[in-house]
Amino acid sequence: MVVEYMDQAAALFKSHPALNLMQCASELLCFFLYIHSLPARNFSRAKRSTALAVFFAAVIVLHLRNCRIAIYFPLYMCLCIAFVWLVCSISLPKAVFRICPFGLGMEFCRLLCRDAFLNFLLAKFPSEISDIASAWLCSILYFILLVPSTLWMRKETENFEKLDITAAQMIGFVFPLVLYVAARQSVFSWLGTLNWPQWLQLEFLQLAILACSEFEIISAGRMAAAQIERSELLQKQILMEKRQQQYTAQIASIDAINRRYHDLKHYLTAMETMNTREVNASVQAMRQEIEAYECMQKTGSRILDILLSERMCECQQKGIRLIPYIDARQIEFIQVTDLCVIFGNAMDNAIEATEQLEYVNMKEISIKIGVSEELLIMRFHNYYEGKLHYDGRTLLTSKKDSSAHGYGLESIREAAAKYGGTVAYDTEGNEFSLNVLMPIAK
């Protein structure tokens, strides 16, 4: 009868704890291999060590207890999900989404090895292969199957970090696990009445449920990730086109302003020949204002002159001091569109953070652009209030309309990467600095 071989297999693992510990070590190794790419939460070493110790102890106890599937598998999944949610910087729905494929894959390998393969050996070769040797062969095969399965699942799910998993989707991911547990428990309930063909059919049905559930979750994740990627590309394209249109309009505007300022300087020169003190004082004040404006425009790059002029006007209107230290004579290797993306997004973020400040003396933005050791360095520095929010290592937008924004830093990073550059940001106190480094094209 089937039940005799199932009881014999279960007795093997109960009487040989080393087998259970080997399987436990295999699963823990694959589990940490699977979650290795997840961003860690900002925990102290003591808290992290405590969480690891508690998780290890709970999993080992669960293995040595040899609980029935209706208890063991849900408990094991709850432990893994709770650990990932606690230690990794992701939400609970996303933790459920990431662990479900691993749990389904692990159960698939376990079912294939421990039930099917082991019982096949015990039934077909009872005298040629000892029971303990069969169990060890089963455990080794389990490890051999679980490692590539884990690597494949990690590759399939590591690109899903941007997915915003809802509570309803989380329930949808949990449902296949519940379906599998129900089917698995039914097999145990009917075990005493099953013959070998019936048992094989039910084993195949369980494997099919696991495989279909695995591919359903991964396929849903792929589709959602592809949709988000298309949406992001569209948003970035719209932003780039908007920057280009702004730059084109600014060229015409700045040229017109420059012509008027040029004419105005001649008018002022003629007015200075008058002896009226009030006229001379007004003329001198106007001249100083014009000269300051012209001085700030001369960065060494016509494109940057235009971009800077627009931001100067915006900062003046919002009561923000803009302090530029710019030598852009070697910036011409950057295309107009990319320079608009880098400078525009960096200034958007700085102005947005600065105008929310309460203290006037903190409303200040400094821009430093220059060359050092064959590197073009662009540094944007400003103060901010509140708390910065991260999704793992990614800095999240503080804008209310996060669906239409939040691509600023990512767009800067992509534009810099075209020239072999890198982007980094650092915070100290309530100061934020964005640094863009690019090797100068020769």
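**Rings, charges and a greasy patch**

Let's start with Phe55: its relative accessibility is just 4%, so this residue counts as buried, the cut-off for buried being under 20%. Keep in mind as you look around that this is a predicted model.

Phe55 is a handy way into the aromatic side of the structure. How do we describe two rings that meet? A pair of aromatic rings is described by the distance of the centres and the angle of the planes. Rings pair if their centres lie within 6.5 Å, and by this rule the count comes to 14 aromatic pairs. One of them joins Phe55 to Phe32, with 6.2 Å from centre to centre and 85 degrees between the planes, an edge-to-face pair. Phe32 belongs to helix H2 (residues 17–34) and Phe55 to helix H3 (residues 45–65), so this pair ties together parts that are 23 residues apart in sequence.

Now stay with Phe32 and look at another partner, Phe56. These two ring centres are 5.6 Å apart and the planes stand at 80 degrees, so this pair is edge-to-face, since the label applies to angles over 60 degrees. Here again distant parts of the chain are linked: Phe32 sits in helix H2 and Phe56 in helix H3, 24 residues apart.

Are these two rings buried or partly exposed? Phe32, with 25% relative accessibility, counts as partly exposed. Phe56 is partly exposed too, at 33%.

Step back a little and the pairs turn into a group. Ring pairs connect Phe31, Phe32, Tyr34, Phe55, Phe56, Phe83 and Phe102 into a cluster. One member, Tyr34, has a charged visitor: the charged end of Arg98 sits over its ring, 5.8 Å from the centre. Elsewhere in the numbering, Lys368 lies over the face of Tyr325, at 5.9 Å from the ring centre.

Last stop, the surface. Which residues make the nonpolar surface patch of about 350 Å²? They are Leu29, Ile140, Phe143 and Ile144. Helix H6 (residues 131–157) gives the largest share of this patch, with three residues. Phe143 has its place in helix H6, and this residue is partly exposed, with a relative accessible area of 30%.

So the tour runs from buried Phe55, through the ring cluster that includes Phe32 and Tyr34, out to the nonpolar patch that includes Phe143.

Conventions. Residues numbered from 1 in each chain as written. Predicted model: local features only at pLDDT ≥ 70, side-chain atom pairs only at ≥ 80, totals over all residues. Heavy atoms only, no water. Phe/Tyr/Trp six-rings, centres within 6.5 Å; stacked < 30°, edge-to-face > 60°. Helix = DSSP H or I, 4+ residues; strand = E, 2+ residues; numbered from the N terminus. Buried < 20%, exposed > 50% of the residue type's maximum accessible area, 1.4 Å probe, protein only. Lys NZ or Arg CZ within 6 Å of the ring centre and 35° of its normal. Patch = residues over 30% accessible without salt bridge, like charges linked within 9 Å, V, L, I, M, F, W, Y side chains within 5 Å. Areas by Shrake-Rupley, 256 points an atom, 1.4 Å probe, with all protein chains shown as cover. Salt bridge = Lys/Arg side-chain N within 4 Å of Asp/Glu carboxyl O.
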